[in-house]
Amino acid sequence: MSPALLADQTSVTTAPDLADSFRAAMSALAAPVTIVTCYDDRGRPRGLTASAVSSLSLAPPLFLVCLDRASRTHDVLTGAEDFAVHLLGPGEEHLVDRFMQPAEQRFAGLPLGAGPDRAPVIAGVSLVLRCVRHRLLEGGDHTILVGRVTEVSGEPAHAGGLLWHRRGFAHARRP
């Protein structure tokens, strides 16, 4: 057997180990940290953290969020017509800790922005995308929520930059 073929075979991951290998590989990929919020059918704020997010299109402006189907907030978010994506920056890690609590406690004492927003906006977060549900797509054990961006609030040049990398927070900063 040639050394090149042998080298190719030794790097192959077997099916039972693939999920763990894939998870480890994805930890090496820095991902933005966001909080996605909406109101439930009773008007209560609901939300979760998401790092599997991306811009999708400029015309129309579309943004996608991948939601774990096992999340207790999945059905509320996929059923909401409006949602907000908070693009977190360095110094906003405490919000991620808050959103790791049980779903019913995440908004307790958390100030929301004033105004008639159709989705809850966390006061003080420096960059927020307000979205209307555009489409839901299947994605394995996740649902891909595609939103049409209706408004951007904040200053993009000075916001965002909180990343999840190698199972911990990292900061992307530009001078």
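Is Arg 130 buried or exposed? Arg 130 is buried, because its relative accessible area is 15%, and buried here means under 20%. This residue makes a good starting point for a walk through the structure, which is a predicted model.

Let us stay with Arg 130 for a moment. Arg 130 sits in strand S7, which covers residues 127-139. The side chain of Arg 130 has a polar contact, at 2.8 Å, with the side chain of Asp 117. Leaving aside residues up to four places away in sequence, Arg 130 touches Phe 83, Asp 117, Val 121, Arg 148, Val 149, Thr 150, Glu 151 and Ser 153.

Now step back to see the chain as a whole. The chain contains four helices and 10 strands. Following the sequence from start to end, you meet them in the pattern α-α-β-β-β-β-β-α-β-α-β-β-β-β. The chain has 175 residues, and 37% of them count as buried. Among contacts in the chain with a separation of 6 or more, 63% join residues that are 24 or more positions apart.

With that overview in mind, return to strand S7 and look at its partners. Strands of a sheet pair through backbone hydrogen bonds, in either a parallel or an antiparallel way. S7 pairs with strand S6 (residues 82-87) in the antiparallel sense, over five bridges. In this pairing, Asp 82 is found opposite Val 132 in S7. S7 also pairs with strand S8 (residues 142-154), again in the antiparallel sense, over 12 bridges. Two places show how S7 and S8 line up: Val 128 has Ser 153 in S8 as its bridge partner, while Leu 136 stands opposite Leu 145 in S8. S7 and S8 form a hairpin, with two residues between the strands. Gly 140, in the turn, has a positive phi of about 65 degrees.

Strand S8 leads us on to another neighbour. S5 and S8 run antiparallel and are joined by seven bridges. One of the residues involved is Phe 63, whose bridge partner in S8 is Gly 147.

Leu 127 is another residue of strand S7 that is worth a visit. Leu 127 counts as buried because its relative accessibility is 8%. Not counting residues up to four places away in sequence, Leu 127 touches Val 85, His 86, Leu 87, Val 152, Ser 153, Gly 154, Glu 155, Pro 156 and Ala 159. Leu 127 and Ala 157 are 30 residues apart in sequence, and their C-alpha atoms are 9.7 Å apart in space.

What about the cysteines? Cys 38 counts as buried because its relative accessibility is 0%. Cys 131 also counts as buried, because its relative accessibility is 2%. How many disulfides does a search of the whole structure find? The search finds zero.

Elsewhere in the chain there is an open sheet of three strands, in the order S1-S9-S10, with antiparallel pairing. Strand S1 (31-32) and strand S10 (168-171) stand at the edges, and each has a single partner strand, so one side of each is left without a neighbour in the sheet. S1 and S9 run antiparallel and are joined by two bridges. Here Ala 31 stands opposite Trp 164 in S9.

Our last stop is a region of empty space. Rolling a probe the size of a water molecule over the atoms shows where such space is left. The largest pocket has a volume of about 1200 Å³. This pocket is lined by 33 residues, and the closest to its centre are Ala 50, Ser 51, Ala 52, His 142 and Trp 164. Which elements give two or more residues to the lining of the largest pocket? They are helix H2 (15-27), strand S3 (45-50), strand S5 (61-68), helix H4 (93-98) and strand S9 (162-165). H2 gives the most to this lining, with five residues. Some of these names are already familiar: Trp 164 is the residue in S9 that Ala 31 stands opposite, and S5 is the strand joined to S8 by seven bridges.

Conventions:
Residues are numbered from 1 along each chain as its sequence is written. This is a predicted model: local features need pLDDT of at least 70, side-chain atom pairs count only at pLDDT 80 or more; totals for chains, interfaces and linings use all residues. Side-chain values use heavy atoms; hydrogens and water are left out. Buried means under 20% relative accessible area, exposed over 50%, partly exposed in between (1.4 Å probe, protein chains only). A polar contact is a pair of N or O atoms within 3.5 Å; within protein, one must be able to donate a hydrogen and the other to accept it, and residues adjacent in sequence count only if both atoms are side-chain atoms. Contact means heavy atoms within 4.5 Å. A disulfide is a pair of cysteine sulfur atoms within 2.5 Å. Two strands pair if DSSP finds at least two bridges between them. On a 1 Å grid over the protein atoms alone, a cavity is a set of points where a 1.4 Å probe fits but cannot get out, and a pocket is an open set with protein on both sides within 12 Å along at least five of seven lines; lining residues have an atom within 4 Å of a point. Grid points are joined across faces, edges and corners, and a volume is the space filled by probe spheres set on the points.
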